Amino acid sequence: MSSSGGRPMPITAPPQGVEIRNISPCRGRGVVATKDFKKGDILIKEKPLLAYQDSANVPLLLACGHCLRPLGCVELQMDILKGDCDPANLEAPSWKLPVQLPEESKAFSPEVLPCSMGCGAMYCGKTCRDEAKNDYHKFLCVGSLKTTEAPLYQFKMHALRNNLDLIFAGKVLVNIVARFLSQDPSIDFEKRAQVAKRPYMSFVKKKWWDIAVKPKHLLHLSNEQFRKMMVEQLTTSYTLLSQALKESKSWPTYTRYTANSVSDGSDRSSITATAAKNTTVSVMGLEEFASIVGMLHQNQLGIRRASPVKAYLEHLNKLESSKSKETSWRVIRDKMAEIQYQDEYDEEEEENNPQEEKSPQEEKFPQEEKSPQEEKFPQEEKSPQEEKSAQEQTHSEEDIQAGKEGEEEEEMEIGDVLKDTDLCDEILCPFDGAALFSLICTLNHSCDPNIVIDYGCSFGPVEARSHLETLERGRNCALAISGRSLR
């Protein structure tokens, strides 16, 4: 076992020309430039402590569950976007582009390795899978669960219904526990706890129920009622997670020496796995869990990274004209048109056929219960509007394709698509998620930002770059206030 408290979480490159200072009583700490920077210069280059992909984004973009690197290849990602491949049941693409990305681009990981416990999570290789398992995943994996009534499953479903930050908070909590258990048990309990929490100690950590803002649909509640609701929400989440940790089969057994143990080791007390779990979980109590949720709300940064398919288009755009380039672009362009047409068709269907809210009677008595009018006039009797709606709903894939081909649209070139960021994001779904960084999360936010965060298309550390022509020495480094700070 390591005495350092688990796998180290280093900054990729030590920052040069910046330092952390107290900015003001209102803003607290921040990053200040200690030298001049030109536009595009890197101030900080850092990998996240922990990161995750938004649950709504998972079915649209296949990425490593640990480092977030895009997985597979261009063909696989396009099949997922088109709906021809389910990320939960991967199949090799039946087609291949004439032009392939060079391996040194690292835009994709060619290896796609599933979770060894069968939960469906995917990784870019054994290194990431093992790190994820040791750092947090072995405590949060649902692959071995035998029932949906299991506390871990209920914890995740409760988070999905109420607040996605609860899943990320669970990830932080079990990472602290894993770091605690990785240390030499002969070390004092409190010292091990401090070492385990060290990566997260520099962040603002106000309890979630003290800083949560009421959403519009809850404005009718008093502040006291809303706070009580938040306390109940976090209590339920923590209770379910702590129960899951107690039942975890991968929770390790360790030995803690008693204070009066003799030098030859003959008088030692062995702590069982159950006792170890109880001791550790009690250290990470409800109050601390509430602080973790608050910490994430105040410190995490959103990740919006361009689709890995865009990296392929950029590579294709740099190549000299050739038959293979033209063929590759034509195939990608046609598939993008199909995706765009299908999206527009789905939106039109939703507008033309809105789902009406069911009354309590309809909820209680579903379709089997027919009114006398329905019995008298069966389904054959339909109004012209119903006939039209039914015909639209029977559109096959061939109908959609035929409609697409019937539209006269000007063919776009690669450069036109790359310039249109909105179009790229609309058709080629970007990566959406969030991450916690040691230094980058220390940057203040401002309506007049001077720092931009660059994630890029390919796998690599996050970079904080100067956004001004000249970022002068002594300036407070600040990001935009808008939600998604990474691109």
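**Strand pairing and helix crossings in a predicted model**

Strands E11 and E12, the latter spanning residues 462-466, are paired in the antiparallel sense over 4 bridges, and within this pairing Asp-454 stands opposite Glu-463 of E12. The model in which this pairing is found is a predicted one. The two strands belong to an open sheet of 3 strands, arranged in the order E4-E12-E11 with antiparallel pairing. Its edges are formed by strand E4 (42-46) and strand E11 (451-454), each of which pairs on one side only, and the twist from one strand to the next averages 20 degrees.

Taken as a whole, the chain contains 17 helices and 14 strands. Of its 487 residues, 42% count as buried. Among the contacts between residues at least 6 apart in sequence, 73% join residues that are at least 24 apart.

A further open sheet is built from 4 strands in the order E1-E2-E14-E10, and its pairing is mixed. Strand E1 (18-24) and E10 stand at the edges with a single partner strand each, so that one side of each is left without a neighbour in the sheet. Direction ignored, neighbouring strands of this sheet are turned by 60 degrees against each other on average. The mixed character of the sheet can be followed at strand E14, which pairs with strand E2 (residues 28-33) in the antiparallel sense over 2 bridges and with strand E10 (residues 444-446) in the parallel sense over 3 bridges. In the pairing of E2 with E14, Val-32 stands opposite Asn-476, whereas on the side of E10 the bridge partner of Asn-444 is Ala-478 of E14. Strand E14 itself (residues 476-480) has 4 of its 5 residues buried and is therefore largely enclosed by the rest of the structure.

Burial is also found along strand E5 (residues 50-53), from which Leu-50 and Tyr-52 point one way and Ala-51 and Gln-53 the other way, all of them being buried. Strand E5 pairs with strand E9 (residues 431-436) in the antiparallel sense, over 4 bridges, and in this pairing Gln-53, one of the buried residues of E5, stands opposite Gly-433 of E9.

Among the helices, H4 takes part in two crossings that were examined in detail. The axes of helix H4 (residues 165-181) and helix H9 (residues 286-299) come within 9 Å of each other and cross at roughly 120 degrees; the two helices are therefore oblique to each other, and their crossing is right-handed. On the side of H4 the contact is made by Asp-165, Leu-166, Phe-168, Ala-169, Gly-170, Val-172, Leu-173 and Ile-176, and on the side of H9 by Phe-289, Ile-292, Val-293, Met-295, Leu-296 and His-297. By class, the residues of this contact divide into 11 nonpolar, 2 polar and 1 charged.

The axes of helix H2 (residues 126-140) and H4 come within 8 Å and likewise cross at roughly 120 degrees, which makes H2 oblique to H4. Helix H2 passes H4 in a right-handed crossing. The contact involves Asn-134, Asp-135, Tyr-136, Phe-139 and Leu-140 of H2, together with Gly-170, Lys-171, Val-174, Asn-175 and Ala-178 of H4, and its residues divide into 5 nonpolar, 3 polar and 2 charged. Gly-170 of H4 thus appears in the contact with H9 as well as in the contact with H2.

Helix H3 (residues 151-162) contains His-158, which is buried, with a relative accessible area of 9%. When residues up to four places away in sequence are not counted, His-158 touches Asn-163, Leu-166, Gln-233, Thr-236, Ser-237 and Leu-240. One of these residues, Leu-166, also belongs to the set through which H4 makes its contact with H9.

Technical notes. Residues numbered from 1 in each chain as written. Predicted model: local features only at pLDDT ≥ 70, side-chain atom pairs only at ≥ 80, totals over all residues. Heavy atoms only, no water. Axes fitted to C-alpha atoms, helices over the stretch in contact; angles between N-to-C directions. Parallel < 35°, antiparallel > 145°, perpendicular 65-115°, else oblique. Left-handed = near helix turned anticlockwise from the far one by under 90°. Contact = heavy atoms within 4.5 Å. Nonpolar A, V, L, I, M, F, W, Y, C, P; charged D, E, K, R; others polar. Buried < 20%, exposed > 50% of the residue type's maximum accessible area, 1.4 Å probe, protein only. Pairing = 2+ DSSP bridges.
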